[in-house]
Amino acid sequence: KKTIQTASIECYAVEGMYPPSVEYLEENYGIQIDRNKYNVFYSGFASNMLPDITVVEVEQNEKK
């Protein structure tokens, strides 16, 4: 979460707006998310307000 938040703030400093999505950060700021391990919820209210970022570890049910 902290890495995504830091990249969002960097984007704001460089571009004057917070990124519209996590995918934008992946494409333009080098963020890498292992989507097999983490679900990322990114909700931006406005381009000048820090988005709400939630990272949840994916539960892996192992069959035995």
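**Reading a small predicted fold**

Modeller: Buried residues make up 23% of the 64 residues in this protein. The model is predicted. Keep that in mind as we go.

Biologist: How should I read "buried"?

Modeller: Buried means under 20% relative accessible area, and exposed means over 50%. Values in between count as partly exposed. Now apply that. Ser8 has 0% relative accessibility, so Ser8 counts as buried. Gln32 has 77%, so Gln32 counts as exposed.

Biologist: Where do Ser8 and Gln32 lie?

Modeller: Ser8 is part of helix H1. Gln32 belongs to the loop between H2 and E1.

Biologist: Let me step back. How many helices and strands does the protein have?

Modeller: Two helices and two strands. Next, read their order along the sequence. The pattern is α-α-β-β. So far we have met helix H1, residues 2-15. Helix H2 covers residues 22-29, and strand E1 covers 38-43.

Biologist: What box do the C-alpha atoms fill?

Modeller: Roughly 50 × 20 × 15 Å, taken along the principal axes. The accessible surface comes to about 5000 Å². Carbon and sulfur atoms account for 46% of that surface.

Biologist: Now the inside. Which side chains tend to be buried together?

Modeller: In soluble globular proteins, the nonpolar ones tend to be. Here is the case in this model. The largest nonpolar core has eleven residues in all. Begin with Ile4, Ala7 and Cys11. Add Val22, Leu25 and Tyr29. Then come Ile31, Ile33, Val40, Tyr42 and Ile53.

Biologist: Which elements give two or more residues to this core?

Modeller: Helix H1, H2 and E1 do.

Biologist: Pick one core residue. What is Cys11 in contact with, beyond its neighbours within four places in sequence?

Modeller: Contact means heavy atoms within 4.5 Å. Cys11 is in contact with Gly16, Met17, Tyr18 and Pro19. Cys11 also meets Tyr24, Leu25 and Tyr29. Two of those names, Leu25 and Tyr29, were in the core list too.

Biologist: And Ser8? What does Ser8 touch, residues up to four places away not counted?

Modeller: Ser8 touches Tyr18, Pro19 and Leu25. Further along the sequence, Ser8 touches Tyr42, Leu50, Pro51 and Ile53. For the whole protein, look at contacts between residues at least 6 apart in sequence. Of these, 32% join residues at least 24 apart.

Biologist: Next, charges. How do I spot a salt bridge?

Modeller: Look for a side-chain nitrogen of Lys or Arg within 4 Å of a carboxyl oxygen of Asp or Glu. A search of the whole structure finds two.

Biologist: Which residue forms a salt bridge with Glu23?

Modeller: Arg35, with the closest N and O atoms 3.7 Å apart. Glu23 lies in helix H2 and Arg35 in the loop between H2 and strand E1, so the pair ties together parts that are twelve residues apart in sequence.

Biologist: And which residue forms a salt bridge with Glu26?

Modeller: Arg35 again, at 2.8 Å between the closest N and O atoms. Glu23, Glu26 and Arg35 are therefore linked in a network of salt bridges.

Biologist: Are these three residues buried, partly exposed or exposed?

Modeller: Glu23 is partly exposed, at 40% relative accessible area. Glu26 is partly exposed, at 24%. Arg35 counts as partly exposed, at 38%.

Biologist: What about the charges as a whole? How far apart are the mean positions of the positive and negative ones?

Modeller: They are 9 Å apart, for 6 positive and 10 negative charges.

Biologist: Last topic: sequence distance against space. How far apart in space are Lys37 and Glu57, C-alpha to C-alpha?

Modeller: They are 5.8 Å apart, with their positions 20 residues apart in sequence. Lys37 sits in the loop between H2 and E1. Beyond its neighbours within four places, Lys37 is in contact with Val56, Glu57 and Val58. Lys37 counts as partly exposed, at 39% relative accessibility.

Biologist: And how far apart are Glu15 and Glu57 in space?

Modeller: They are 30 Å apart, C-alpha to C-alpha, and 42 residues apart in sequence. Glu15 is in helix H1. Glu15 counts as partly exposed, at 32% relative accessibility. Leaving aside neighbours within four places in sequence, Glu15 is in contact with Tyr24 and Tyr29.

Key. Residues are numbered from 1 along each chain as its sequence is written. This is a predicted model: local features need pLDDT of at least 70, side-chain atom pairs count only at pLDDT 80 or more; totals for chains, interfaces and linings use all residues. Side-chain values use heavy atoms; hydrogens and water are left out. Helices (H or I, at least four residues) and strands (E, at least two) are DSSP runs, numbered from the N terminus. Buried means under 20% relative accessible area, exposed over 50%, partly exposed in between (1.4 Å probe, protein chains only). Accessible areas come from the Shrake-Rupley method with a 1.4 Å probe; for residues, only the protein chains shown count as cover. Lys and Arg count as positive and Asp and Glu as negative; His and the chain ends are not counted. The place of a charge is taken as NZ of Lys, CZ of Arg, CG of Asp or CD of Glu. A nonpolar core is a set of buried Ala, Val, Leu, Ile, Met, Phe, Trp, Tyr and Cys residues joined through side-chain atoms within 4.5 Å.
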